[in-house]
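Welcome! Please take a look at the structure shown here, and then try the exercises that come after it.

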Amino acid sequence: MNQAGRVLPVPFTEQDILLPNDKYYSDNFVILLKYKLGQDALNLYVTSLSTSTNPEVRAFYKKLSQDTAELVEKCIELMVKRGLHQPVIHIPKSDEVERAQTKKVLGKFIGEKRPLSAPEVLQIQNNFVSTEVLKEILRSFSKTETSEIREHFERGKDMCSKHLEMMQAKFEKEELPQMPTWESEVDTEGLPHFSDRLMMFKVSLMVGAIGARYGVTATATLRKDIGATFSKMMGEVVLYAEDSAALMIKNNMFDEPPLVKLNNNI
Amino acid sequence: MEDLTASEITNLIASFSTNTMASVVTSDLLKKAESDDVRSMLELGVQIAKAEVKVLSIS
């Protein structure tokens with residue numbers, strides 16, 4: 001970046017860790033957190049690889065994608081070893097592929113719906129874990145002493161709780177197993193562990209990733225009620241992300257992205 | 001080095017901020033991890049983040 005004459009943003013440093021001697025997340029939660037962050041990073045790196053033309057930049061992202069894939073695999077192995085990937089939902093076997101005969105497969109908003117399909121179970125489960133991890137992060141960040149930022153984190157936590165209930169409700173109707181939550185795995189007492197800037201930055205990244213995930217689910221699922229639920233949740237996440245950016249600007253934490261024109265006066 | 005395109009700049013700036021954070025936070029989690037298998041996973045995480053920041057900040 002320096003070689004190309006570009007300015008780098010202000011880095012995070014050890015100064016952003018306020019309590020270097022306290023443990024605040026259990027090992028189990030650390031595995032889930034790294035798994036989710038690794039998953040988001042992997043998506044980002046693969047996109048970066050496929051949207052870059054400069055060979056040096058592509059080589060950089062290719063290497064990163066490979067390394068991050070290894071990290072994600074390590075996390076999955078640890079999750080399986082500790083049973084953190086539960087519940088595993090089984091889909092009954094069938095002997096042949098069936099062609100849909102009616103539009104019933106697309107579901108309806110009111111009344112009896114067809115059972116969830118395998119891709120829908122996958123989407124809901126994956127989203128549930130992401131939103132649950134974000135909720136616990138927001139809970140642990142709500143210790144900040146800046147009241148405006150604390151209120152913002154608390155509002156985000158309430159939004160996540162509501163979304164988790166909406167997702168769980170889809171499973172409950174089918175009598176599928178309850179998805180686990182991890183309240184006891186994070187420390188919410190005492191002083192904040194990180195600087196406000198670091199917490200705001202982390203939350204804005206995770207919120208962005210969750211909004212994108214909801215959007216994918218809304219379009220990747222067939223049953224209309226699921227599409228509608230995820231579109232609604234995505235709208236709420238987008239508004240929350242906008243408020244996060246506004247709060248970062250107000251607190252002088254927001255690095256402006258490079259614009260297509262210099263000297264812009266707007 | 002050739003001039004960078006909009007998508008390259010966007011991606012590289014995002015990677016830089018994210019990984020300075022990841023390297024600081026993951027190092028801290030590593031220090032506090034209780035079991036060896038979690039420690040080994042976090043070591044890999046720190047290594048990836050540090051290498052990335054290093055490449056991006058070469059002058």
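The exercises below go through the fold, the interface, the pocket and the cavities.

This is a predicted model, in which local features need pLDDT of at least 70, side-chain atom pairs count only at pLDDT 80 or more, and totals for chains, interfaces and linings use all residues. Residues are numbered from 1 along each chain as its sequence is written, chains are lettered from A and ligands numbered from 1 in the order in which they are written, and side-chain values use heavy atoms, with hydrogens and water left out.

**Exercise 1. Describe the fold of chain A.**

Step 1: Look for helices and strands, which are DSSP runs numbered from the N terminus (helices: H or I, at least four residues; strands: E, at least two). Chain A has six helices and zero strands, giving the pattern α-α-α-α-α-α along the sequence.

Step 2: Find the extent of the chain. Along the principal axes, the C-alpha atoms of chain A fill a box of roughly 60 × 50 × 40 Å.

Step 3: Visit two loops. The loop between α2 and α3 of chain A holds A:Pro87, and the peptide bond leading to A:Pro87 from A:Gln86 is cis, with omega near -5 degrees. In the loop between α4 (147-173) and α5 of chain A you will find A:Glu175. Although A:Glu175 is not a glycine, its phi is positive, about 55 degrees.

**Exercise 2. Work out how chain A and chain B meet.**

Step 1: Count the residues in contact (heavy atoms within 4.5 Å). Chain A brings 50 residues and chain B brings 42 residues.

Step 2: Take the buried area, meaning the accessible area (1.4 Å probe) that two parts lose on being put together, summed over both. Between chain A and chain B it is about 4300 Å², with 66% on carbon and sulfur atoms.

Step 3: Search for salt bridges (a side-chain nitrogen of Lys or Arg within 4 Å of a carboxyl oxygen of Asp or Glu). There are two between chain A and chain B. B:Asp37 and A:Lys81 form a salt bridge, their closest N and O atoms lying 2.7 Å apart.

Step 4: Assign the chain A side to its helices. At least two residues each come from α1 (27-51), α2 (55-82) and α5 (196-220) of chain A, and α2(A) gives the most, with 14 residues.

**Exercise 3. Characterise the second largest pocket.**

Step 1: Start from the definitions. On a 1 Å grid over the protein atoms alone, a pocket is an open set of points with protein on both sides within 12 Å along at least five of seven lines, a cavity is a set where a 1.4 Å probe fits but cannot get out, and lining residues have an atom within 4 Å of a point. Points are joined across faces, edges and corners, and a volume is the space filled by probe spheres set on them.

Step 2: Apply them. The second largest pocket holds about 790 Å³ of space. It has 26 lining residues, and the closest to its centre are A:Arg114, A:Pro115, A:Leu116, A:Ser117 and A:Ala118. Helix α3 (residues 118-141) of chain A contributes the most to this lining, with four residues.

**Exercise 4. Which residues line the largest cavity?**

Step 1: The whole structure has four cavities of 30 Å³ or more, and the largest has a volume of about 40 Å³.

Step 2: The largest cavity is lined by A:Lys36, A:Asp40, A:Ser130, A:Met206, A:Ala209, A:Ile210 and A:Arg213. The largest share of this lining, four residues, comes from α5(A).
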